[in-house]
Amino acid sequence: MAKPYKQYTEERLDGEIITQCRNGDKHAYRLLIDRYKDTIYSTALRFTRDPSTAEEVTQETFVKAWKYLNRFEGRSKFSTWLISIAVNKAKDMIKDKHRSVNTGDLDTGNETSFFQSHTIEGPEETLMNDELGLKLQRLIDALPALYKEAFVLRHVELLSYEEISGISKISIEAVKMRVFRAREILKKQFYEEDHDG
Amino acid sequence: MDKRIHLFIDNELSPSGKQAFEKELSENKQLREDYEKMSGLLKLAGTHNGHAQAPQNITDRIMGTIERPQEHPYSLLRFLRIAAAIAIVIATGAGVFTYVHRENNLVNITFRVSVPNAKTVYVLGSFNQWGDVPEQLRNAGNGLFTLTLKLKPGIYQYVYKVDNNEILSDPHARLYTQDGFGQRNAILIVKHTKLS
């Protein structure tokens, strides 16, 4: 049987749910949280490398998104808008933590990577335990913060240069420069390490 | 490293530039090696994106934090609107009703639609592969058709098919989405309901 009624997009569905939210339907917002909480938590974890901070970022991201939902104009995907809030929230929290504990530079590479310190159950575990993937993750974790942000948003979150430009509040050319530089650092380190041992 | 590798990966070379680069790739071993290393690395980054699961009860905690919206200034109007909607549902016996089935957290969803003079009504939706598994509603008399299905919590879309011919959008759904063919699908939200 033909299935002509399957045609829809996730964005359109988000739009319908957001309309419900704007009418004050809190249950509809619960659906949006359920749809994107893993994405936002994963993003937060990548930037903060700490599960409890990532959890805090996730909560604050959704609370802020609810508060400012009327300002979401639909020019980007809803998920991109959430990621934008989460990345900036994560950066603020990292700054605050550094101020309060005065531990020095975040990007010294001395912190424990999420991927090394946590076990993810299920099929993801196979991926996470893959030796090459872990190696790459360690190198990404050790990138300077600005390069890491640009690279992760481009190649892990799979956002466009334009979207990253909006999130990081820099020009598209500056984003490209950072992404290109991050790629080159990673390529050099990844294959040199491989070559060395 | 040759900047064109970045531009090629991002698909930002002009058509002629792309053609020239591809030609050079096939001839220049060093360039090819550099490109393959870089594209392999980026593929690895994309597949090892470590999608983690948020803590189980985070939705409840977020919802708990969000303040209740202030009483709407024309709340009486809202009340009347809700009352009118309930009255319509009661009057026609139509709509979608839910209750939790205590096995595997499936939720019993009862589809009810009033289609006077119809002989058969099927429900086609994303939960039954849009009719690949036919789900016929029972004729309860007086033009009312009903069917109860057990569904997992989630968001579904559906339409009714009347007399194997006419597609009917549920007039009582709370949400709709365009189907891309000029009609609209009803959206059914099956809640994650906690068992008491």
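Me: Contact means heavy atoms within 4.5 Å. With that in mind, how many residues does the contact take from chain A and from chain B?

Reply: In this predicted model, the contact takes 59 residues from chain A and 61 residues from chain B. Putting the chains together buries about 5500 Å² between them, and carbon and sulfur atoms give 64% of that area.

Me: What makes Glu55(A) and Arg61(B) a salt bridge?

Reply: Check the distance against the cut-off. A side-chain nitrogen of Lys or Arg has to be within 4 Å of a carboxyl oxygen of Asp or Glu. Here the N to O distance is 2.5 Å, so the pair passes the 4 Å test. Between chain A and chain B the count is 6 salt bridges, and over all chains it comes to 19. The Glu55(A) to Arg61(B) pair crosses between chains, running from helix α3 of chain A to helix α4 (residues 58-65) of chain B.

Me: Okay, and how many residue pairs are in polar contact across the interface of chain A and chain B?

Reply: There are 14 such pairs, counting those with both residues at pLDDT 80 or more. As for which helix gives the largest share of chain A's side of this interface, that's α2(A), with 15 residues. By class, chain A's side splits into 27 nonpolar, 12 polar and 20 charged residues.

Me: Why is helix α8 of chain A called roughly perpendicular to α3(B)?

Reply: Two packed helices are described by the angle between their axes and the distance between the axes. Helix α8 (residues 145-156) of chain A and helix α3 (residues 29-47) of chain B pack at about 80 degrees, with axes 8 Å apart. Roughly perpendicular covers 65 to 115 degrees, and about 80 degrees falls inside that range, so the name fits.

Me: Which residues meet there?

Reply: From α8(A) you get Phe151(A), His155(A) and Val156(A), and they meet Leu42(B), Ala45(B) and Gly46(B) of α3(B). That contact has 4 nonpolar and 2 polar residues, with no charged ones. Gly46(B) is in there, and Gly counts as polar, so it goes on the polar side of the tally.

Me: At what angle do α1(A) and α2(A) pack?

Reply: The angle is about 145 degrees, and the axes are 8 Å apart. Among the residues of α1(A) that meet α2(A) are Leu13(A), Ile17(A) and Cys21(A), while α2(A) brings residues including Leu31(A), Arg35(A) and Tyr36(A). Sorted by class, this contact has 9 nonpolar, 1 polar and 3 charged residues.

How values were computed
Residues are numbered from 1 along each chain as its sequence is written. Chains are lettered from A and ligands numbered from 1 in the order in which they are written. This is a predicted model: local features need pLDDT of at least 70, side-chain atom pairs count only at pLDDT 80 or more; totals for chains, interfaces and linings use all residues. Side-chain values use heavy atoms; hydrogens and water are left out. Axes are lines fitted to C-alpha atoms, for helices over the stretch in contact, and angles run from 0 to 180 degrees between N-to-C directions. Helices (H or I, at least four residues) and strands (E, at least two) are DSSP runs, numbered from the N terminus. Buried area is the accessible area (1.4 Å probe) that two parts lose on being put together, summed over both. A polar contact is a pair of N or O atoms within 3.5 Å; within protein, one must be able to donate a hydrogen and the other to accept it, and residues adjacent in sequence count only if both atoms are side-chain atoms.
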